[in-house]
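Subject: Structure handover

Hi there,

Here is the structure I promised to pass on to you. Have a look at it first, and then read on for my notes below.

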Amino acid sequence: MSKICIVTPDIIGPVFNGGIGTACYFLALNLRDQGNSVSILFTGGFQKKDSSYWKEHYRKLHIEFLDNSDLPPLESPLLDTWFVAGSL
């Protein structure tokens, strides 16, 4: 069994999603069904309900649901990354 985390700003439930949210949702279910421990790190904004609601909803599906509030604070600003700095 592997531990897998899907990081996405779009997932079925908290947002009025399109294709990527649907794909991530069914990927999570499929990976779970294969015996993996699956977490979703939701990086988007909540359009429906709140974090605690979706944590419980996904817990019932045997999928861990995390959002940005579950992460430790950044030690340095994101502008220090090569990707963002190169995009300025």
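Let me start with the strands. S2 and S3 run parallel to each other, joined by 4 bridges. Bear in mind while you browse that this is a predicted model.

Two facing pairs help to place the S2 and S3 pairing: Ile-40 sits opposite Phe-65 in S3, and Phe-42 is opposite Asp-67 in S3. To get from S2 to S3 the chain passes through H2, and this β-α-β crossover is right-handed.

S3 itself spans residues 64-67 and has two faces. Phe-65 and Asp-67 make up the covered face, while Glu-64 and Leu-66 lie on the uncovered one.

S2 also has a partner in S1: these two strands pair in the parallel sense as well, over 6 bridges. If you want a spot to click on there, Cys-5 stands opposite Ser-39 in S2.

How enclosed is S2 by the rest of the structure? Largely so, because 5 of its 6 residues are buried.

Now to the helix I spent some time on, H1. It covers residues 19-33, which makes 15 residues, and extends 21 Å from its first C-alpha to its last, close to the 21 Å expected at 1.5 Å a residue.

Which residues of H1 are buried? They are Gly-21, Cys-24, Tyr-25, Ala-28, Leu-29 and Leu-31. These buried residues cover an arc of only 165° around the axis, so they fall on the same side of H1. Their packing partners are strand S1 (3-8), strand S2 (37-42) and helix H2 (51-60).

On the face of H1 turned away from that buried side you will find the exposed residues Gly-19 and Asp-33. After H1 comes Gly-35, with a positive phi near 95°.

To pull the threads together: S2 pairs with S3 over 4 bridges and with S1 over 6 bridges, and the buried residues of H1 pack against S1, S2 and H2.

Happy to talk any of this through once you have had a look.

Best wishes

Methods. Residues are numbered from 1 along each chain as its sequence is written. This is a predicted model: local features need pLDDT of at least 70, side-chain atom pairs count only at pLDDT 80 or more; totals for chains, interfaces and linings use all residues. Side-chain values use heavy atoms; hydrogens and water are left out. The expected span of a helix is 1.5 Å times one less than its number of residues. Buried means under 20% relative accessible area, exposed over 50%, partly exposed in between (1.4 Å probe, protein chains only). The arc is that of the directions from the helix axis to the C-beta atoms. Contact means heavy atoms within 4.5 Å. Two strands pair if DSSP finds at least two bridges between them. A crossover is right-handed if, with the strands pointing away from the viewer, the path from the first strand over the helix to the second runs clockwise.
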